[in-house]
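Biologist: I would like to go through how helix packing and chain contacts are read from a model. Please take one feature at a time.

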Number of protein chains: 4
Amino acid sequence: MTKARAEAFSDGVFAVAATLLVFSIPTPDPKLHLGSALLAELPSYATYVISFVTILVIWVNHHATIDAIRTFDRSLLFLNGLLLMTVAVIPFTTSVLARALQSGNDQEAAAVAYGVTATAMSLAFTFINTYAKVRRLFTTPFSLVGFSLGQLSYPVATVIAHFNYQVALAIYAATAAFYAVFPLVREAQLRRR
Amino acid sequence: MTKARAEAFSDGVFAVAATLLVFSIPTPDPKLHLGSALLAELPSYATYVISFVTILVIWVNHHATIDAIRTFDRSLLFLNGLLLMTVAVIPFTTSVLARALQSGNDQEAAAVAYGVTATAMSLAFTFINTYAKVRRLFTTPFSLVGFSLGQLSYPVATVIAHFNYQVALAIYAATAAFYAVFPLVREAQLRRR
Amino acid sequence: MTKARAEAFSDGVFAVAATLLVFSIPTPDPKLHLGSALLAELPSYATYVISFVTILVIWVNHHATIDAIRTFDRSLLFLNGLLLMTVAVIPFTTSVLARALQSGNDQEAAAVAYGVTATAMSLAFTFINTYAKVRRLFTTPFSLVGFSLGQLSYPVATVIAHFNYQVALAIYAATAAFYAVFPLVREAQLRRR
Amino acid sequence: MTKARAEAFSDGVFAVAATLLVFSIPTPDPKLHLGSALLAELPSYATYVISFVTILVIWVNHHATIDAIRTFDRSLLFLNGLLLMTVAVIPFTTSVLARALQSGNDQEAAAVAYGVTATAMSLAFTFINTYAKVRRLFTTPFSLVGFSLGQLSYPVATVIAHFNYQVALAIYAATAAFYAVFPLVREAQLRRR
């Protein structure tokens, strides 16, 4: 029961955060022709896609983790809340990043802000996993596919972002793509056997 | 279980996207009398209705498709995410379209942007259907009523929008109306027999 | 199944629309002292409360209606969508009304706009009820408590709003209060017997 | 059934309100370097965290309360709606507070506004509890851990806010922290026995 309502609440936050991402795409500049203004927003579409896939991937992994957990206690409810608190910030950092890329100013600072949130999210996930392991709440020996990748790639990219935002963005995109594609590859391999 | 949570997440995105459409109606111009300002926004109300019915129709078709699918694997989760990513953009393109119609500038570009998103949405739907067919995930020989219409009408209208936005808008509206009304006609026919 | 997902989608739209109402409260005027600016927004708080209770009442009545309906067909899905389309507009008309009351201009036009949406909502509700009755989808002889009130009070108040917005607002508030309080009175009477 | 849909609706409002909190973080000032602008927003991040944890705590307590209630009648539906109406205002008062802290003006008035909403929320919670007790709707002798704290701390902090906003903010933060941490401590104690 507690688990069911925690899932419903989490799904709500994930769905709202994903849908609010659209507000990170700025209103087209009315001084330009609309066609040009929309094309000038290409970086915003890219950050929209990266963030949407990132939230989707967190949701899928969240779902897999919760599924493997036998029962929810109060501590887990609050660690879960911590995760949701970082997920709900993603529309803000995506918006900051989109604006910086479009204006061509301070892209490094924006990429750092994006990375700090992603690192906090990854940390919250680690807390949930570690707590569930220590308190033996997992029903099966559970580990997310490539779980440690995000724990590594987000802080590393955040450091790199201070010097080169393009490499940092590439890592954010690659991390999301890895989590999206790698399980598919493994699933396909399992089927072939 | 996976299917249930995918539905909950999808319903969340559909519901939020539909409700956010209201922000595509601009704040009435404070320099006009409010009555005139509200009447001047008639095109915004029309695009609101078209987009709301469109999202409703996607939701109904999504619901019918998911219902007919036996089980959700990872690939389907991500194809579903792809669909949601295009649905969540509709409030943005609706807003762009409403503003262009009201200002009387660049309506063609706005209608193209609307059509590109609708085409992407229709493509994502085709991916889901094709994948489910190829991997034999459908429980019954399944096909959506008039499924191929959107696959055809949205790209065609997007091309037409470059030259004549009014014809394009009429096709968008007609596509939504067709999906809304046609199943009702068929349902009524089935009852009469 | 269809009914369950229609409820989930509807609950989503109701919840999002109710929560978005908070954006109808304008950012306090930064030129005034914050205390005075917040007090100057009293009309906005009043319209917020009226609209929130109105959405709550629609949700409760929607819930009672759906509960009494045996099964959902396609037509009902779309009539339900029509209702949600009008509910999702309430944050907009509430915002228009709040701004008009605060500025002291064109309150009549704002009250008319509010009433038109409420009338449309009430009409959509009537469609659902009539359709379910004609197609004998109700499991029990069903009628909402005081159902015909809203069908009468909203159009009447919309007409009155052209001449006297204060009377119109009083009717909107009274209608919401009636639906909120009357069932409680009846429930209490039933218990006393 | 009624209880299940009331939970779904409530979870929706809680999830949307929590996710909308992100809009209380203002767009970084474009006249500053983005790094400095983001650092200057530290008070906004603090109020975001306090409000998010507050909503989380209300949700957890709401969940525990509803769980212990046998059945929902109409009165309870509306008392529940009253609670949701105060929760949905939190993004607004958080935004007002964040702006006041950042501008350094009228922080007292903003802290009062925040406290008034929190007090109203706490009152609505008391109504739900009292009603359920009087009408004997609780299945078990139920009382929330430290329930009376919020009933006391919010009005007291609201009064203090008139003179010293920093003490008031500390009490808001401490109240949220207490509800978040105290049950964990008790849970840990229960396990040790």
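Biologist: How are α1(A) and α3(A) oriented to each other?

Modeller: Two packed helices are described by the angle between their axes and the distance between the axes. In this predicted model, the axes of α1 (residues 2-20) and α3 (residues 42-68) of chain A come within 10 Å and cross at roughly 175°. Axes are lines fitted to C-alpha atoms, for helices over the stretch in contact, with angles from 0 to 180 degrees between N-to-C directions. α1(A) and α3(A) are therefore roughly antiparallel, a term for angles over 145 degrees. Helices are DSSP runs of H or I, at least four residues, numbered from the N terminus.

Biologist: Which residues of α1(A) and α3(A) meet?

Modeller: From α1(A) come K3(A), E7(A), S10(A), F14(A), A17(A) and A18(A); from α3(A), F52(A), I55(A), W59(A), H62(A) and I66(A). Contact requires C-beta atoms, placed from the backbone, within 7 Å.

Biologist: How is chain C related to chain B?

Modeller: Two copies of a chain are related by a rotation about an axis and a shift along it. Here a turn of 90° and a shift of 0.0 Å along the axis lay chain C on chain B with an RMSD of 0.0 Å. That is the relation of a four-fold axis. The superposition is by least squares on C-alpha atoms of residues with pLDDT of at least 70 in both copies.

Biologist: How many residues does each chain give to the contact?

Modeller: Chain C gives 26 residues and chain B 28. On the side of chain C, α1(C) has the largest share, 8 residues. Only 12% of the interface residues of chain C are also interface residues in chain B, so the copies meet through different surfaces.

Notes
Residues numbered from 1 in each chain as written. Chains lettered and ligands numbered in written order. Predicted model: local features only at pLDDT ≥ 70, side-chain atom pairs only at ≥ 80, totals over all residues. Contact = placed C-beta atoms within 7 Å. Helix = DSSP H or I, 4+ residues; strand = E, 2+ residues; numbered from the N terminus. Parallel < 35°, antiparallel > 145°, perpendicular 65-115°, else oblique.
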